[in-house]
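Trainee: I would like a close look at one part of this model, with the cut-offs stated as you go.

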Amino acid sequence: MSTKTTSNVVKFPGKKKSSGIYAKITANTVKKYKCKEKEYRVNDTELRGFFIRIWPKGKSYAVQARPFGVGRNKLQTIGDVNLFTAKEARTKAVKYIKRI
């Protein structure tokens, strides 16, 4: 006689979260990731909320955070990767995160 334990947890179908791409954002990181057919992002490993948005037609730095850790995320685009260096974008990202 075998006993089978079952869980009372109900799993609802929904969005599957991807593991995502994480890398320290530098000038080489910007060059390494190429534009693809769909939008994707490369998250920074050192500054939470800082990432590169990569579209089929270009790339930009952005930051995303929740005000006081509550509510919905606020997204702020910093600028195109051709206008800002990674270091400048990181400095701006810190300022935006502090403001949010």
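Trainee: Through how many residues does the hairpin join E3 to E4? Please start there and work outwards.

Mentor: The hairpin joins E3 to E4 through 2 residues. Before going further, some conventions. The model is predicted, so local features need pLDDT of at least 70 and side-chain atom pairs count only at pLDDT 80 or more, while totals for chains, interfaces and linings use all residues. Residues are numbered from 1 along each chain as its sequence is written, and side-chain values use heavy atoms, with hydrogens and water left out. Helices (H or I, at least four residues) and strands (E, at least two) are DSSP runs, numbered from the N terminus.

The pairing of E3 with E4 is antiparallel and covers 6 bridges; two strands pair if DSSP finds at least two bridges between them. Within this pair, Phe 50 stands opposite Val 63 in E4. On the other side of E4, 6 bridges join this strand to E5, again antiparallel, and Tyr 61 stands opposite Gly 79 in E5. E3 is joined to E2 by 4 bridges, and these two strands run antiparallel. Here Tyr 40 faces Ile 54 in E3.

These pairs belong to an open sheet of 5 strands in the order E1-E2-E3-E4-E5, with mixed pairing. Strand E1 (21–23) and strand E5 (74–80) are the edge strands, each pairing on one side only. From one strand to the next, the twist averages 30°. For angles such as this, axes are lines fitted to C-alpha atoms, for helices over the stretch in contact, and the values run from 0 to 180 degrees between N-to-C directions.

Next, burial. Buried means under 20% relative accessible area, exposed over 50%, and partly exposed in between (1.4 Å probe, protein chains only). E4 is mostly covered, with 7 of its 8 residues buried. The largest nonpolar core has 18 residues, and Phe 50, Ile 52, Tyr 61 and Ile 78 touch the most other members. At least two residues of this core come from each of strand E2 (40–44), strand E3 (50–55), strand E4 (58–65) and helix H2 (86–99). H2 gives the most, with 4 residues. A nonpolar core is a set of buried Ala, Val, Leu, Ile, Met, Phe, Trp, Tyr and Cys residues joined through side-chain atoms within 4.5 Å. In soluble globular proteins, nonpolar side chains tend to be buried together.

Charged pairs come next. A salt bridge is a side-chain nitrogen of Lys or Arg within 4 Å of a carboxyl oxygen of Asp or Glu, and the count comes to 3.

One of them involves E3: the side chains of Glu 39 and Arg 53 meet at 3.2 Å, N to O. Glu 39 lies in the loop between H1 and E2 and Arg 53 in strand E3, so the pair ties together parts that are 14 residues apart in sequence. Glu 39 is partly exposed at 44% relative accessible area, whereas Arg 53 counts as buried at 17%.

Another salt bridge joins Arg 90 to Asp 44, with the closest N and O atoms 2.5 Å apart. This pair links distant parts of the chain, Arg 90 in helix H2 and Asp 44 in strand E2, 46 residues apart. Arg 90 is buried at 18% relative accessible area, and Asp 44 is buried at 5%.

Asp 44 has further polar partners. Its side chain reaches the backbone nitrogen of Ile 25 at 2.9 Å, and the backbone nitrogen of Leu 47 lies 2.9 Å from a polar atom of that same Asp 44 side chain. Polar contacts are pairs of N or O atoms within 3.5 Å; within protein, one must be able to donate a hydrogen and the other to accept it, and residues adjacent in sequence count only if both atoms are side-chain atoms. Leaving aside neighbours within four places in sequence, the contacts of Asp 44 (heavy atoms within 4.5 Å) include Phe 50, Phe 51, Tyr 22 and Lys 24.

Lys 24 is also in a salt bridge, with Glu 46, where the closest N and O atoms are 3.7 Å apart. Lys 24 sits in the loop between E1 and helix H1 (27–32) and Glu 46 in the loop between E2 and E3, 22 residues apart. Lys 24 is partly exposed, at 43% relative accessible area, while Glu 46 is exposed, at 53%.
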